[in-house]
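Please study the sequence and the structure shown below before attempting the exercises. Each exercise gives a task and then a worked solution.

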Amino acid sequence: MKTEKKRWRGRLLVLLAVLLLAMPVQAKAAKPRLNKTSVTLLKGSSTTLKMKRTKKKVKWSSSKKQVATVNKQGVVRARKKGTAVITAKVNGRSYRCRVTVKQPVTKIRLNRTSISLKTGKKYSLKATVGPKSADNKGLVWSSSNPSVATVSSKGRVKAVGVGNAVITASAKDGSGVKGSCLVMTDSGTAVPQLGMNPSSMELLEGDSRTLSVSGAVGSVVWGTSNSLVATVTRNGTVIGVNEGTAMIVAANTQGTQYAYCTVRVVKSETSPSAAAYQFLGILERYSQELKAARASGKYVAYSNSSKLTPYTWAQAKATMNTRGITYNNCALMVRMALREMGRLGEKQNFWGTDGGIHFNSGVENTLRQSCRIIEVHKSPAQLLAEGLLLPGDICTWHGMTHTNVYAGKDASGRDVWYDAGRSGDGQSGVTKKELIAAGVPEAVIEEDIKNDGGHNEVTNKNIFIYNSFGPVPSVDMNNWKVGYIIRIVR
């Protein structure tokens with residue numbers, strides 16, 4: 001009996017062991033983790049970080065927003081050369097990714113855009129790579145037609161056959177920036193060079209600029225290496241389409257001349273630059289000083305006459321102090337501030353036309369060194385809805401020859417403008433008699449009426465006197481249309 005009990009006890013133990021072994025083991029939950037713990041980006045590029053193994057809400061942050069930012073979806077954008085740590089916080093725990101931002105190459109300029117060589121001859125191309133702070137200035141040289149011209153790893157070109165080839169120096173850092181030179185080879189007949197102006201440029205998405213060529217033999221046709229980035233019209237007007245780099249080519253119809261322009265298209269700004277805020281600060285100072293002058297019996301009136309309008313605000317104040325009155329207008333106010341910032345020469349002029357901009361010789365190129373010139377043709381309300389109008393933007397208008405500056409919203413939420421037009425903050429129809437009674441010498445007014453030069457803006461019965469340059473709600477936000485925006489970006 002005891003033996004039987006022992007036997008059944010043994011069987012029971014074996015059965016329990018089998019059941020325990022057959023029971024499922026509770027797996028330990030996998031810990032959340034970031035898909036990347038370190039990443040290197042070029043300035044201006046982006047990457048997306050993701051939290052794996054969790055469906056809980058993630059809170060993202062950056063240790064240095066000036067270096068790299070991150071949005072709610074984990075998209076990291078490289079802003080400035082340096083290092084930042086992106087932190088993802090989930091359920092009370094933090095997960096980190098180290099982001100190293102490097103300065104990409106933004107331009108490659110070759111010492112020649114085209115050369116003519118006899119077969120067997122050589123030429124060394126030299127490349128200038130910018131900016132100086134670029135981390136990797138290495139280049140990869142290539143030839144579009146090695147049977148015509150070859151190129152070494154140091155830019156040494158050799159003509160090996162008759163025809164045309166494009167020699168390209170490409171940035172090694174992955175930025176996509178290139179510089180090109182057309183090589184025309186023959187058995188000894190000289191081929192005139194085709195010049196391109198400019199040979200490289202930067203455009204805002206939606207911005208446009210017209211290229212010019214010189215030295216063409218016959219008619220010129222235009223093309224683009226990437227129509228998704230930039231397109232070009234039959235007259236050489238380049239339009240920025242999407243962020244990236246494209247090569248615009250001009251060639252004569254005989255196929256014996258070529259020239260290239262490297263176009264870098266960048267995204268529109270989402271906030272004003274530091275220079276734009278400086279510009280707005282200068283306009284505000286002008287406005288406050290105008291108010292103070294008015295309170296002390298000095299006046300600023302409206303006129304487009306070159307005999308009445310000074311070049312700078314300092315000259316305007318000196319004139320007010322000696323004569324009691326000076327003159328200003330919509331474009332002059334803007335030009336004065338740009339001159340004070342060193343962005344425009346003292347005698348360089350531009351102004352808004354009906355739907356466009358008039359530039360005196362060389363002025364457009366001067367402005368493009370620090371500004372973007374954006375063609376829009378939309379109402380301010382549309383531009384604001386699309387994020388295309390920023391405080392500090394200089395606007396020209398459809399239906400009038402006018403220029404003014406968007407200043408953002410005031411404390412009441414109204415859209416306001418710095419405006420030295422006759423619809424700005426002032427008094428219309430002030431008479432010569434009233435100014436004389438206020439202390440402006442009669443001889444001064446008489447002289448100014450004479451120097452008005454037929455503009456019919458300074459007369460015995462009608463002189464517009466400013467109270468300030470704003471900012472005031474001087475624009476119909478829905479029914480007026482902006483033609484162009486000049487945006488100060490640096």
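The exercises below proceed from the whole chain to single residues.

The model is predicted: local features need pLDDT of at least 70, side-chain atom pairs count only at pLDDT 80 or more, and totals for chains, interfaces and linings use all residues. Residues are numbered from 1 along each chain as its sequence is written, and side-chain values use heavy atoms, with hydrogens and water left out.

**Exercise 1. Overall form**

Task: Determine how the radius of gyration of the protein stands against that of a compact globule of 490 residues.

Solution.
Step 1. The radius of gyration is taken over C-alpha atoms, and the globule rule is 2.2 Å times the number of residues to the power 0.38.
Step 2. For 490 residues, a compact globule would have a value near 23 Å, whereas the protein has 33 Å.
Step 3. The C-alpha trace spans about 140 × 80 × 35 Å along its principal axes.
Step 4. The protein contains eight helices and 38 strands; helices (H or I, at least four residues) and strands (E, at least two) are DSSP runs numbered from the N terminus.
Step 5. Of the 490 residues, 43% are buried. Buried means under 20% relative accessible area, exposed means over 50%, and partly exposed lies in between (1.4 Å probe, protein chains only).

**Exercise 2. A salt bridge across the sequence**

Task: Establish which parts of the chain are tied together by the salt bridge of E269 and R487.

Solution.
Step 1. Side chains of opposite charge can pair when their charged atoms come close.
Step 2. A salt bridge is a side-chain nitrogen of Lys or Arg within 4 Å of a carboxyl oxygen of Asp or Glu. By this rule the count is 15 salt bridges.
Step 3. In the pair E269 and R487, the closest N and O atoms are 3.2 Å apart.
Step 4. E269 lies in the loop between β27 (258-266) and α2 (274-295), and R487 lies in strand β38 (residues 482-488), so the pair ties together parts that are 218 residues apart in sequence.
Step 5. Both E269 and R487 are buried.

**Exercise 3. Two further salt bridges**

Task: For the salt bridges D410 with R414 and R422 with E457, state how accessible each partner is.

Solution.
Step 1. D410 and R414 meet at 2.7 Å, N to O.
Step 2. D410 is partly exposed because its relative accessibility is 22%. R414 is also partly exposed, with a relative accessible area of 43%.
Step 3. R422 and E457 form a salt bridge whose closest N and O atoms are 4.0 Å apart.
Step 4. R422 is in the loop between β35 (415-418) and β36 (426-430), and E457 is in the loop between α8 (442-451) and β37 (463-466), so this pair ties together parts that are 35 residues apart in sequence.
Step 5. R422 is partly exposed at 48% relative accessible area, whereas E457 is buried at 10%.
Step 6. Salt bridges that share partners also join E269, R372, D393 and R487 into one network.

**Exercise 4. Backbone geometry**

Task: Identify which peptide bond leading to P198 is cis, and where N91 is found.

Solution.
Step 1. Most residues other than glycine have a negative phi, and most peptide bonds are trans.
Step 2. The bond from N197 to P198 is cis, with omega near -5°. P198 is placed in the loop between β19 (195-197) and β20 (200-204).
Step 3. A cis peptide bond also joins G470 and P471, with omega about 5°; P471 lies in the loop between β37 and β38.
Step 4. N91, a residue other than glycine, has a positive phi near 55°. N91 is in the loop between β8 (82-90) and β9 (93-102), and N91 counts as exposed because its relative accessibility is 62%.
Step 5. H377 is not a glycine, yet its phi is positive, at about 55°. H377 belongs to strand β32 (residues 371-378) and is partly exposed, with a relative accessible area of 29%.

**Exercise 5. Distance in sequence and in space**

Task: State how far apart G345 and T256 are in space.

Solution.
Step 1. G345 is located in the loop between α4 (330-340) and β30 (350-353).
Step 2. G345 is partly exposed, with a relative accessible area of 25%.
Step 3. G345 and T256 are separated by 89 residues in sequence and by 40 Å in space, C-alpha to C-alpha.
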